[in-house]
Each structure stands twice: as C-alpha cells, then as structure tokens.
Amino acid sequence: MDIRHYIQHTRKIIGVGPNFKAFRAEKGITHTEDPFLFFKSPESLTTEENIYLSPLLTEFICEVEMAVVIGKEAKNISEHEVPSIVAGYAIVNDMTASAHFDTGRFKMFDQLTPIGELANVENPANVDLEMWVNGEKIQKDNTQNMLFSAHWIVAHISRMATLCKGDIILTGTPANPLNCRIGDVVELRSPQLGNRKHTIHRGL
C-alpha cells in the first residue's frame, strides 16, 4: 500500500537519539539507559524528490534511518505484540536543524523528514542502511547493530503515549551523519526498504 495512505493520518513522529552502537561510540556515549526521544511535526514528512527548506535553516544534518509506520492504535503493548500493529517500514532521512540545538527548534521545521515507500520487512533487526550524498557513500550499517531494537522502541513508547494509525517511529541513524548543503543530492539505499532520492533546495 502507498505510504501516503498512512502519512495523511500522521499525528506525531517520534525519534530516538543515538541508537547505533558505532554512532554512540563516535559520540562517546557509554550508558545503556533508556534512549533520548524527540518529536517532529507531521508537516516535516515529504515524499517529493525535491525538498524546500526554510531560509531560517542555515545548517542541517542528513541522517539515514529505518522508520516504523504504525498501522493501528495501540497502548501498553509488549515487544511480542508490536508486529500486529505495524503497517510496515520505510527508509527515511531524519534531518536535523543543527544550528537550532540550543533553542529546541532542531526538529521543528517543515520537510525535514523525506520518507520512502512502505515496505514489508521480514526481519527489522536485519536491515541494511546506506546514505549517499552527491554520489559518495557517507553512512552504512545494519539494524542488527542498534542498541535498542525497533520492536523494543515501539513497545517502550507505547507505555508513555498512545500510538495511532499513521504515526512514525524513527529508530536512529548510523555513525557519520553529514552536514549537507543546498543543492546536495541525497540518496538513501536499502535492499530491504528500497531507495529514496531527493535534492535539497532553499524555500521561500
């Protein structure tokens, strides 16, 4: 099914802070406590090949991730129950407005979440992810190297907030996310999730 069937219902996007082991090591994170969570707005989602960012975005980071797309309402579910409420998975660029970390606006802007098509994934704990920018491979890892699995994350969040049809869970990015620029061509690649290519433009 077309992912737009679900994202037209999206109420919230919840992201997870450093989750891939190599990225955590890169940032010097050694604790294994519950992960950092953040919200993005539904207006940040886009399926277009050309994305237009706010002129207020002077710096932005691109990060390939696997998204979990929620298919029906759920609350207080176990990891074992997660597959029954998931519509599918998608490749996504969880962009960050890095100049706005100190003001809390680093995930608030429109079109900061370009997302690919909905995919059925047999094993979300074994998904390859790559990000290429202007033809150069920047990021590469597999979801088996995440500290917190996708199913664990969904169950964990469901204990705090009701998950609804169309909600998106972003499960974390591999090491080496990149500060990108206007004009960059970003390609997200995964044999399990498919590919997603977009060009970054300056909006009005």
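A residue is called buried when its relative accessible area is under 20%, exposed when it is over 50%, and partly exposed in between, with a 1.4 Å probe and protein chains only. The model is predicted, so that local features need pLDDT of at least 70 and side-chain atom pairs count only at pLDDT 80 or more, while totals for chains, interfaces and linings use all residues. Residues are numbered from 1 along each chain as its sequence is written, and side-chain values use heavy atoms, with hydrogens and water left out.

**Exercise 1. Decide whether Lys40 is buried or exposed, and describe its surroundings.**

Step 1. Lys40 lies in strand S2, residues 37–40; strands (E, at least two residues), like helices (H or I, at least four), are DSSP runs numbered from the N terminus.

Step 2. Lys40 counts as buried because its relative accessibility is 4%.

Step 3. With neighbours within four places in sequence left aside, the contacts of Lys40 include Lys12, Ile13, Asp94, Met95, Lys107, Leu112, Thr113 and Leu170, where contact means heavy atoms within 4.5 Å. Leu170 is 130 residues away from Lys40 along the chain, and the C-alpha atoms of the two are separated by 9.9 Å.

Step 4. The side chain of Lys40 reaches two backbone oxygens, that of Met95 at 3.2 Å and that of Leu112 at 2.9 Å.

**Exercise 2. Work out which strands pair with S9, and in which sense.**

Step 1. Strand S9 covers residues 128–133, and five of its six residues are buried.

Step 2. Two strands pair if DSSP finds at least two bridges between them. S9 is joined by six bridges to S10 (residues 136–142), and the two run antiparallel; within this pairing Leu129 stands opposite Asp141, and Trp132 has Lys137 as its bridge partner.

Step 3. S9 and S10 form a hairpin with two residues between them, and Asn134 in the turn has a positive phi of about 55°.

Step 4. S9 also pairs with S13 (residues 185–189), again in the antiparallel sense, over four bridges, with Val186 as the bridge partner of Val133.

**Exercise 3. Place S9 in its sheet and name the edge strands.**

Step 1. The strand order is S4-S14-S13-S9-S10, in an open sheet of five strands with mixed pairing.

Step 2. S4 (50–53) and S10 are the edge strands, since each pairs on one side only.

Step 3. From one strand to the next the twist averages 20°, where axes are lines fitted to C-alpha atoms (for helices over the stretch in contact) and angles run from 0 to 180 degrees between N-to-C directions.

Technical notes. Polar contact = N/O pair within 3.5 Å; in protein donor to acceptor, adjacent residues only side chain to side chain.
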